[in-house]
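Colleague: I'd like to learn how to read a structure like this one. Could you walk me through it, feature by feature?

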Amino acid sequence: MTWTAVTEHRAQLGEGPFWDAPTQALYWVDIAGKQALRLIGQNVQIWQMPEHVSAFIPCASGDALVTLSSGVYRLDLDSPGLEPRLTLFCVADPQPGNRANEARCDGQGRLWLGTMQNNIGEQGEDLPITRRSGGLFRIDPDKRVTPLLRGLGIPNTLLWSDDGTTLLFGDSLDSTLYRYFIHTDGNLDPAQPWYRADQHGGPDGSAMDAEGYVWNARWDGSCLLRLTPDGQIDRKIDLPISRPTSCVFGGADLKTLYITSAKSPLNHPLDGAVLSLRVDVAGKLCTRFAS
């Protein structure tokens, strides 16, 4: 497989890739660099955020949501990069010392947000995680916030079955991806371990393809794992980056895999880049926030 760095930009902690099919645009963030980025064609736009930002998701109304440490905000996409216009949408997790991490929209366009103890200093340096203070929250278009899980370490991966009855959700502190049954009232059944392994690095973000297989980025593993619907390794895709963080399917045919990454002590030349990789199966569409 042949990979390409889609821009010359290198993130400290690239994360949260989102492919917007209607505009053929790639959205992602640099959490530690406090940047929200969008690539359309060859043009990269960067909005400098006042806080750590973990996700950048377009909305049905034409603006976008950004998940900052202090809350979820709407970003005016017509505002300048150095003076972004932000409007507070809601505060999902008021716990002091926590920050947003994984965030994606389900098939109904509701935002699911995983939070964790902040582990990033003001200069982007790593801070130790000493408590499992994170949670998982569902945010509806009417701003209603529903807490779903508590006591999380490092939430990563949010994927749903086509019928919306099953959630795949990971906690990197456990090196495990879990499966949850979603009740009709929206509550979650207790976690069932779906894939657990310490080899090939630890689990980070994921994407799902049209066959229901999960492509999981492996932090410190320099690879992606394609996992079968029952949680077995189908294949391993080696990458020229130390810390792949997440991935998403994009391109006109949804057969281009975009992979975000972070800097690492190994200082590989492509660490922090967004890579693109052509694959042999199409992925599932990302869903915009519904308001």
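Modeller: We'll go through a record entry, a sheet, a hairpin, two single residues, the cysteines and the aromatic rings. Keep in mind that this is a predicted model.

Colleague: Okay, what does UniProt place at residues 13–262?

Modeller: The unreviewed UniProt entry puts the feature "domain: SMP-30/Gluconolactonase/LRE-like region" there. In the model, that span is 0% helix and 55% strand, and its end C-alpha atoms lie 4 Å apart.

Colleague: Let's take a sheet, then. In what order do the four strands of the open sheet come?

Modeller: The order is E6-E7-E8-E9, with antiparallel pairing. Strands E6 (53–58) and E9 (86–90) are at the edges, and each has a single partner strand, so one side of each has no neighbour in the sheet. From one strand to the next, the twist averages 30°.

Colleague: How many bridges join E8 and E9?

Modeller: Four, in the antiparallel sense, with E8 covering residues 71–75. To find your place there, look at Leu 75, which stands opposite Leu 86 in E9.

Colleague: And a hairpin? Where should I look for a positive phi in the hairpin of E14 and E15?

Modeller: Go to Gly 164, where phi is positive, near 75°. Five residues sit between the two strands of that hairpin. E14 and E15 (residues 166–171) are antiparallel and share five bridges, and Pro 155 has Asp 171 in E15 as its bridge partner.

Colleague: Is strand E14 enclosed or open to the outside?

Modeller: Six of the six residues of E14 (residues 155–160) are buried, so the rest of the structure largely encloses that strand.

Colleague: What about single residues: is His 52 buried or exposed?

Modeller: His 52 is buried, at 7% relative accessible area, although it is found in a loop, the one between strand E5 (43–48) and E6. Setting aside neighbours within four places in sequence, His 52 has contacts that include Ile 31, Lys 34, Thr 67, Asn 118 and Gly 121.

Colleague: Which residues does Gln 192 touch?

Modeller: Leaving out residues up to four places away in sequence, Gln 192 touches Leu 177, Tyr 178 and Arg 179. Gln 192 lies in strand E17 (residues 192–196) and is partly exposed, with a relative accessible area of 49%.

Colleague: Now the bench question: how many disulfides does the structure hold?

Modeller: The general idea is that a disulfide is a covalent bond between the sulfur atoms of two cysteines. This structure holds zero. Cys 59 is in no disulfide, and the nearest cysteine sulfur, that of Cys 105, is 7.6 Å away. Cys 59 is also buried, at 1% relative accessibility.

Colleague: Why is Cys 286 not bonded to Cys 105?

Modeller: The sulfur of Cys 286 is 9.1 Å from that of Cys 105, its closest cysteine sulfur, and that is too far for a bond. Cys 286 counts as partly exposed, at 24% relative accessibility.

Colleague: Last one, aromatics. How do I describe the rings of Phe 89 and Phe 289?

Modeller: In general, you describe a pair of aromatic rings by the distance of the centres and the angle of the planes. The whole structure has nine aromatic pairs. For Phe 89 and Phe 289, the centres are 5.5 Å apart and the planes are at 85°, so that pair is edge-to-face. The pair links distant parts of the chain, 200 residues apart: Phe 89 is in strand E9, and Phe 289 is in the segment after strand E24 (275–278). Both Phe 89 and Phe 289 are buried.

Colleague: Which residues form one aromatic cluster?

Modeller: Phe 18, Tyr 27, Trp 47 and Phe 56 do.

Methods
Residues numbered from 1 in each chain as written. Predicted model: local features only at pLDDT ≥ 70, side-chain atom pairs only at ≥ 80, totals over all residues. Heavy atoms only, no water. Pairing = 2+ DSSP bridges. Axes fitted to C-alpha atoms, helices over the stretch in contact; angles between N-to-C directions. Disulfide = S-S within 2.5 Å. Buried < 20%, exposed > 50% of the residue type's maximum accessible area, 1.4 Å probe, protein only. UniProt positions renumbered as here; feature names shortened; annotations may be inferred. Contact = heavy atoms within 4.5 Å. Phe/Tyr/Trp six-rings, centres within 6.5 Å; stacked < 30°, edge-to-face > 60°.
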